[in-house]
Amino acid sequence: MGVSASRPIASARVPLAELQLSAEQSALVQRRAGGKAEPTLLDLDRWLRAKDLSETERDLFTDIRAAMVGGQRSANLVRLSGEGERPVRPGDAGNYYFAQDVVGDLPQVVKLRDDLRRDGLPGQQQALPGFLALAKDFYSPARETSPVLAISGDPGHGKNEAVQAFSFSLFGNEVPPPLKVDLSKVVDRDAIILFEGEDAPLSLEKLREMQETGGVVHLTGVDNLVARAPDVAAKLAARLSAREGDSEYARVPYVLDYSTPGDATAMTAMALGSVGIESLAGSSQFGHLDEDAVWHYAEQRIAEKMKKPGLDGLVLELEPQAKALLKQMLTTPHAPLDSLEERLVRFLFTHVDTQTNVDRADSVIGISVSEPYREVNRAWLTGVIDALHQPEPNLNLGTPAFRANLTAKTHHLDADGLAAAGQSLKALMDDVRGCLPSLFREPGTDEDADRMDVLQAQTEAAFQAFHMAEKELADAALFNRLVPLKPGVHRVLKSALEAVRATIEEAVAAVEGAEDDEGQAIARAGAGGLSRLDELLPLVDSLAKPPVVAEAAGDAPADGQ
């Protein structure tokens with residue numbers, strides 16, 4: 001049995017609906033309550049004095065009463081408040097209450113948890129509790145010193161990004177990025193440069209301005225600071241331990257970033273001594289990012305680059321094998337996020353950034369794996385990937401792994417124009433049907449019958465082509481782009497439309513000079529169909545811009561090498 005509410009109980013009633021009772025427990029209560037929705041504490045006391053009370057009932061009713069009133073109140077309880085300490089008196093508030101844990105997070109902490117889970121800590125969710133503890137301490141009215149988080153792990157595995165995501169979640173994107181200061185090479189004479197004067201990165205003036213506007217201080221290279229630069233460590237410790245009203249006080253969240261894996265709390269003890277440990281809100285360890293986590297960051301970088309002039313009119317489409325290989329090549333154990341920018345340029349963008357046969361306002365480019373880099377050369381490819389995962393790799397080894405092909409002609413089409421073309425296509429089918437009566441009348445000779453069979457087959461092929469083109473237009477309207485027809489499909493559609501033209505022309509010739517209503521209707525339908533064909537044939541040609549290969553740079557071994 002538990003309790004799921006937190007409000008006081010009016011008139012000492014037992015809110016059964018708010019108690020987490022099992023079905024068996026509820027049955028025992030209802031048997032005694034006699035249908036009463038909320039029995040009172042007096043009812044509970046009466047049940048507990050009943051002669052027919054079972055041991056099971058006694059335990060249950062005692063637990064319910066204790067959950068409401070906290071069990072037997074001790075005469076030795078001490079009351080702490082803003083007035084100081086004194087014994088609890090019988091008349092003090094809170095005689096009846098739910099005895100439950102004190103829980104619940106501030107909205108800012110809830111938002112931070114959601115932000116970091118969604119986008120701020122890909123592949124590093126084990127670091128989340130430390131950042132939540134930092135936020136809780138920052139908002140705590142009880143904490144008088146600046147809150148501090150210690151993080152550890154190899155560089156380039158998401159620490160910088162996590163600190164920035166923390167800052168943006170708490171203070172918004174309009175505040176400056178975290179104030180990042182590298183302490184890895186400081187010596188004692190740097191204390192004045194770091195902490196004193198208007199231009200000092202950790203001056204009180206800057207920190208107090210940050211206290212007003214919001215922001216995070218991100219200190220890197222703090223490892224063994226007290227041994228390397230004791231004066232710098234002492235000045236930093238003074239800032240971290242300063243309380244409101246002290247001359248060194250400025251309330252901002254600090255992140256102490258250690259550049260090696262391990263226990264960040266122990267590293268803080270070695271860097272700043274007991275003051276550092278006492279200041280900690282929490283600690284987080286960062287491991288190595290896996291392929292999916294690195295790809296999360298790569299997607300963001302690619303999207304940013306695709307907004308630049310010269311690339312903003314392009315769409316890149318990666319084949320599954322190309323994406324898998326690119327993820328492998330990006331995920332080096334040595335600071336993958338630090339080299340991510342250059343790797344994306346060398347492996348991907350070098351194939352599409354300056355090539356002259358690309359219409360930069362009107363192209364969709366497919367990215368595939370070059371033949372020598374496919375699975376048939378797995379052993380050789382593994383060697384290439386291992387070489388790219390070295391501390392100082394030659395990134396040009398990965399450039400020839402991919403090739404780029406122009407696969408579509410446009411991704412910005414006028415929706416109204418597409419709709420009009422679709423309507424024109426449907427109207428053309430109606431025009432052709434209007435011409436058919438003159439073509440499929442009873443043939444007089446075997447030659448006429450053969451001619452009718454050919455015309456009917458052509459017309460059926462044309463209708464199939466119409467439906468195919470209609471689907472192309474519908475897809476274009478849905479995705480705001482057109483994928484070009486394959487050459488074979490284009491030829492079929494073009495031939496079908498040309499056959500329709502011949503069919504319409506023959507149908508019109510068959511009723512030439514006719515004065516009856518049917519003949520004139522066929523002539524009008526034929527004229528409309530010919531006019532629509534003049535509109536549609538250029539459209540069909542525009543759908544079939546042939547692919548042009550943008551060759552990958554560099555050499556690669558032939559299959560099997």
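Helix H5 passes helix H6 in a right-handed crossing, and in this predicted model the two helices, H5 spanning residues 128-139 and H6 spanning residues 159-171, pack at an angle of about 35° with their axes 11 Å apart. On the side of H5 the contact is made by Phe131, Leu134, Ala135, Phe138 and Tyr139, and on the side of H6 by Ala162, Val163, Phe166, Leu170 and Phe171. Sorted by class, the residues of this contact comprise ten nonpolar ones, with no polar and no charged residues among them.

Moving from H6 to the loop that joins strand E5 (148-152) to that helix, the reader comes to His157. His157 has a relative accessibility of 0%, and because buried means under 20% relative accessible area, this residue counts as buried. Apart from residues up to four places away in sequence, His157 touches Gln124, Phe286, Gly287, His288, Leu289, Thr332, Pro333, Ala335, Pro336 and Leu337. With one of these residues, Leu289, there is also a polar approach, since a polar atom of the His157 side chain lies 2.9 Å from the backbone nitrogen of Leu289.

A second loop residue, Glu371, is found between strand E11 (363-369) and helix H16 (378-388). Is Glu371 buried, partly exposed or exposed? Its relative accessible area is 43%, and because partly exposed covers the range between under 20% and over 50%, Glu371 is partly exposed. Glu371 and Phe402 are separated by 31 residues in sequence, while their C-alpha atoms are 8.8 Å apart in space.

These details belong to a chain of 561 residues, of which buried residues make up 44%, and whose secondary structure comes to 20 helices and 13 strands. Among the contacts in the chain with a separation of 6 or more, 75% are accounted for by residues 24 or more positions apart.

As for confidence, the mean pLDDT of the chain is 81, and 74% of its residues reach 70 or more. Over residues 94-99, however, the pLDDT is below 50, although the model gives this stretch 26 contacts beyond near neighbours in sequence. Residues 411-415 likewise have a pLDDT that stays under 50, and for them the model has 15 contacts beyond four places in sequence.

Conventions: Residues numbered from 1 in each chain as written. Predicted model: local features only at pLDDT ≥ 70, side-chain atom pairs only at ≥ 80, totals over all residues. Heavy atoms only, no water. pLDDT = per-residue confidence, 0-100. Contact = heavy atoms within 4.5 Å. Axes fitted to C-alpha atoms, helices over the stretch in contact; angles between N-to-C directions. Helix = DSSP H or I, 4+ residues; strand = E, 2+ residues; numbered from the N terminus. Left-handed = near helix turned anticlockwise from the far one by under 90°. Nonpolar A, V, L, I, M, F, W, Y, C, P; charged D, E, K, R; others polar. Buried < 20%, exposed > 50% of the residue type's maximum accessible area, 1.4 Å probe, protein only. Polar contact = N/O pair within 3.5 Å; in protein donor to acceptor, adjacent residues only side chain to side chain.
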